[in-house]
Amino acid sequence: MFDLDGTLADSEHLSGAAWDRVLAGYDVVRTGEDDRAVTGLSFAATRDHFAQRTGTLPSAAQLWPQYSDHLLASLRKGVQPFPDAVALLLSLTKRRIPVALASSSPRSRVTATLQGMGLSALEPRSVAGDEVPLAKPAPDGFLAAARLLGVPAYECIAVEDSTPGVIAARAAGMAVVAVRRAPWADLSDATEVVDALTPTTLDPYLRNPGQA
């Protein structure tokens, strides 16, 4: 089970740039502290975070078109995948190990991101944040992804990069390998934390499904 943004796709800076353009209209400047607070959260939860700072933001439904116009245009121009995650993904695919994506992002962003990376073939095996009752850190997305593959959640291994993602996967009963993309991310609940992924990173867990 792969997270998408920040784990497989190097897209968080594009999301930040889209927020900068939106927040500029409300005289708000995004900070590093904001990034630490919202990484891995859904659009609605991120909007709520910034609303606490401004007190004047429209609802998530009203704000989404403005934000997504900026973001989706950037994503469609091209998104760089993280080479280590792609190498792992290709290794699993070559060995016919089922893979799915579990993202907190809405379907429109998932689609644009996969298109931008040239990985649209993964879309039928993905779960978006607006397709489950609760986004990360709730386990709903990971549980739905396990159902998509027809396997018990406890037999799945999640690959994540954010605190909400790690919490969500653990709550789903999965072992979690967290890759450290941001030095400040709290990944302490993960089964294992690595500085980079390799084609064999998950091999110990594949031999021992459910190891947590």
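Pro 137 lies in the loop between strand β2 (126–127) and helix α7 (140–149); helices (H or I, at least four residues) and strands (E, at least two) are DSSP runs, numbered from the N terminus. The peptide bond that joins Lys 136 to Pro 137 is cis, with omega about 20 degrees. The model is predicted: local features need pLDDT of at least 70, side-chain atom pairs count only at pLDDT 80 or more, and totals for chains, interfaces and linings use all residues. Residues are numbered from 1 along each chain as its sequence is written, and side-chain values use heavy atoms, with hydrogens and water left out.

Most residues other than glycine have a negative phi, and most peptide bonds are trans. Two loop residues with positive phi are listed below.

| Residue | Phi | Loop | Relative accessibility |
|---|---|---|---|
| Asp 27 | near 55 degrees | α1 (12–24) to α2 (32–38) | 73%, exposed |
| Arg 96 | about 60 degrees | α5 (83–94) to β1 (101–102) | 77%, exposed |

Here exposed means over 50% relative accessible area, buried under 20%, and partly exposed in between (1.4 Å probe, protein chains only).

Strand β3 (residues 157–160) is covered on both faces: Ile 157 and Val 159 are buried on one side, and Ala 158 and Glu 160 are buried on the other. Strand β4 (residues 175–179) runs parallel to β3 and is joined to it by 4 bridges; strands pair if DSSP finds at least two bridges between them. Ala 175 in β4 is the bridge partner of Ile 157. From β3 the chain passes through helix α8 (residues 163–171) to β4 in a right-handed β-α-β crossover, that is, the path from the first strand over the helix to the second runs clockwise with the strands pointing away from the viewer.
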